[in-house]
Amino acid sequence: MSESNLKHDLPSVSGQFQIAGQYRSASPYGNGHINDTYAVVSERDGRPVRHILQRINHNVFKNPVALMENVERVTAHVRSKLAALNAEDLDRRTLTLVADRSGRNWHVDAEGNHWRCYLFIEKATTYDQPENPRQAFAAARAFGEFQKHLADLPLPRLNETIPNFHHTRSRFDALRAVIEKDPCNRAAGVKAEIEFALRQESVVDVLLREQASGALPERVTHNDTKLNNVMIDDATGEGVCVIDLDTVMPGLALHDFGDLCRSACRPTPEDERDLSKVEMRMDMYEALVRGYLKSANDFLSPREKDFLSFSAALITFEIGIRFLCDHLEGDRYFRIHRVNHNADRARVQFKMMESFMRHEKAMDAAVRNVRAES
Ligand code: ADP
Ligand code: GN1
Ligand code: MG
């Protein structure tokens, strides 16, 4: 038995969901940092059928039921928008929940873990970094479309699954507090990173101030738009489905665009140890602006578009300080696979932030060009 099968009784958990056919196997799947994700294979009419089974990380998401209510509303709304557009292949264009035996879209096991099950989106792939600008374009377009579909989500406001998720000031203050306490005696080992982070305070409030003044509107946003949260169709290269909907909630469109830039402009893995390889790719950035404005141009305000370059540096910094904070706190939030993993991740984000800031003029020019064409 593999370690993950020992950790959870996966045949029993998957048996709680309305998966037709005979259970065959389950194995850990994907590179997510938060939830436990498994691909479950069953046999139906002599053929293998896959599902995604996920344990929601309840240390991160304190109210999994409120989270699942969001996912139900969001997936149903996106599906209805796609149906109204006569889109084909609806089961691949949005996540489709599989109900448990009682008809609920999640299941609570004996240990209190919340599980959910999705149809597996076949013939599509997620990428940790883009292989070419076409993929960056496709991903940005898909995230823009996702925001567009959700623009008229009926009230009530979605539940905030993690309060202040992109409140960069709170993230910065949390970092300062943990540096002060240094509960694991790790601060000395990341002195340069701490100094770098503290020097960047001037960026922290920029979007928050714009939002408070009413210049940037609250929208329904994804909030975790890294490249591997969109599935790219293997045949067409189009963004087929936006996934990982746990943080869909009220936010700024720019958080989504910025986070996509963070992952899609980086030529290396998020935890690259050779920092000389970590530089933003301008060709990817241009493709992201084109792809995003292809679907979002009509609903974004001019003021939002003014910050399309700044948002990349800001969100990259924000996620860098979250990694650094978690390293100092003893790796309690992000899953790690080696010693100092979160410190390595933080270093990469900081190098990317610097790279974005150095390219600010070229990035602004790219945005101006695409805006002039649209
Ligand atoms: P996490 O919150 O831990 O990042 P995700 O929901 O992003 O979890 O899932 C992790 C990975 O599993 C994704 O990057 C993707 O590769 C894969 N995945 C998730 N849902 C599906 C699905 N419905 N069909 C196919 N693959 C999926
Ligand atoms: C986490 O869930 P996953 O792996 O797609 C995190 C994001 C970070 C990202 C960094 C709920 O995303 O906020 O940007 O790691 N998700 C949550 O790679 O905290
Ligand atoms: Mg994910």
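**Exercise 1. The core**

Which residues touch the most other members of the largest nonpolar core? Find them, then work out where the core lies relative to the domains.

*Solution.*
Step 1. Keep in mind that this model is predicted.
Step 2. Look up the core. The largest nonpolar core holds 104 residues. Those that touch the most other members are Cys265, Tyr285, Leu288, Phe317, Leu324 and Phe356.
Step 3. Ask which element gives the largest share of this core. That is H12, with 11 residues.
Step 4. Check the domains. Domain 1 (3-122) and domain 2 (133-373) both give residues to this core, so the core lies between them.

**Exercise 2. The surroundings of ligand 1**

Describe the shell around ligand 1 by its nearest residues, its classes and its place between domains.

*Solution.*
Step 1. Start with the neighbours. There are 20 residues around ligand 1. Gln54, Ile121, Thr126, Asn228 and Asp244 come nearest.
Step 2. Sort the shell by class. It has 10 nonpolar residues, 9 polar ones and 1 charged.
Step 3. Find the strands. Strand E3 (47-55) and strand E5 (114-119) each supply at least two residues of this shell.
Step 4. Now the domains. Residues of the shell around ligand 1 come from both domain 1 (3-122) and domain 2 (133-373), so ligand 1 lies between the two.

**Exercise 3. Polar atoms at ligand 1**

Which protein atoms lie 3.1 Å, 3.0 Å and 2.9 Å from atoms of ligand 1?

*Solution.*
Step 1. Take the nitrogen of the ligand. A backbone N or O atom of Leu119 lies 3.1 Å from a nitrogen atom of ligand 1.
Step 2. Turn to oxygen. A backbone N or O atom of Asn228 is 3.0 Å from an oxygen atom of ligand 1.
Step 3. Add a side chain. An N or O atom in the side chain of Asp244 is 2.9 Å from an oxygen atom of ligand 1.
Step 4. Finish with the surface. Taken alone, ligand 1 exposes 550 Å². The protein buries 96% of that.

**Exercise 4. Gln54**

Is Gln54 buried or exposed? Place it, then list polar contacts of its side chain.

*Solution.*
Step 1. Locate Gln54. It sits in strand E3.
Step 2. Apply the cut-off. Buried means under 20% relative accessible area. Gln54 has 12%, so it is buried.
Step 3. Follow the side chain. The Gln54 side chain makes a polar contact of 3.0 Å with the side chain of Thr37. It makes another, of 2.7 Å, with the side chain of Arg116.

**Exercise 5. Ligand 2**

Repeat the analysis for ligand 2: its neighbours, its polar atoms and its buried share.

*Solution.*
Step 1. Count the shell. Around ligand 2 there are 18 residues. The closest are His33, Lys226, Glu270, Arg322 and Tyr333.
Step 2. Sort the shell. It divides into 7 nonpolar, 4 polar and 7 charged residues.
Step 3. Check side-chain atoms against oxygen atoms of the ligand. For Lys226, an N or O atom of the side chain is 2.7 Å from one. A polar side-chain atom of Asp244 lies 2.9 Å from an oxygen atom of ligand 2. For Tyr333, that distance is 2.5 Å.
Step 4. Compute the cover. Alone, ligand 2 exposes 450 Å², and the protein buries 98% of that.
Step 5. Name the elements. Helix H9 (253-264) and helix H12 (310-329) give two or more residues to this shell. The largest share, 3 residues, comes from H12.
Step 6. Place ligand 2. Domain 1 (3-122) and domain 2 (133-373) both give residues to its shell, so ligand 2 lies between them.

**Exercise 6. Backbone details in loops**

Where is the residue Pro156 found? Where are Asp182 and Asn223, and are they buried or exposed?

*Solution.*
Step 1. Take Pro156. The peptide bond from Leu155 to Pro156 is cis, with omega near 5°. Pro156 is in the loop between helix H5 (133-149) and helix H6 (168-181).
Step 2. Take Asp182. Its phi is near 45°, a positive value in a residue other than glycine. Asp182 is in the loop between H6 and helix H7 (191-199). Its relative accessibility is 17%, so Asp182 counts as buried.
Step 3. Take Asn223. It has a positive phi of about 75°, although it is not a glycine. Asn223 lies in the loop between strand E7 (219-221) and strand E8 (230-233). With a relative accessible area of 3%, Asn223 is buried.

Notes
Residues numbered from 1 in each chain as written. Chains lettered and ligands numbered in written order. Predicted model: local features only at pLDDT ≥ 70, side-chain atom pairs only at ≥ 80, totals over all residues. Heavy atoms only, no water. Near = heavy atom within 4 Å. Polar contact = N/O pair within 3.5 Å; in protein donor to acceptor, adjacent residues only side chain to side chain. Areas by Shrake-Rupley, 256 points an atom, 1.4 Å probe, with all protein chains shown as cover. Helix = DSSP H or I, 4+ residues; strand = E, 2+ residues; numbered from the N terminus. Nonpolar A, V, L, I, M, F, W, Y, C, P; charged D, E, K, R; others polar. Domains from an automatic or database assignment. Buried < 20%, exposed > 50% of the residue type's maximum accessible area, 1.4 Å probe, protein only. Core = buried A, V, L, I, M, F, W, Y, C linked by side-chain atoms within 4.5 Å.
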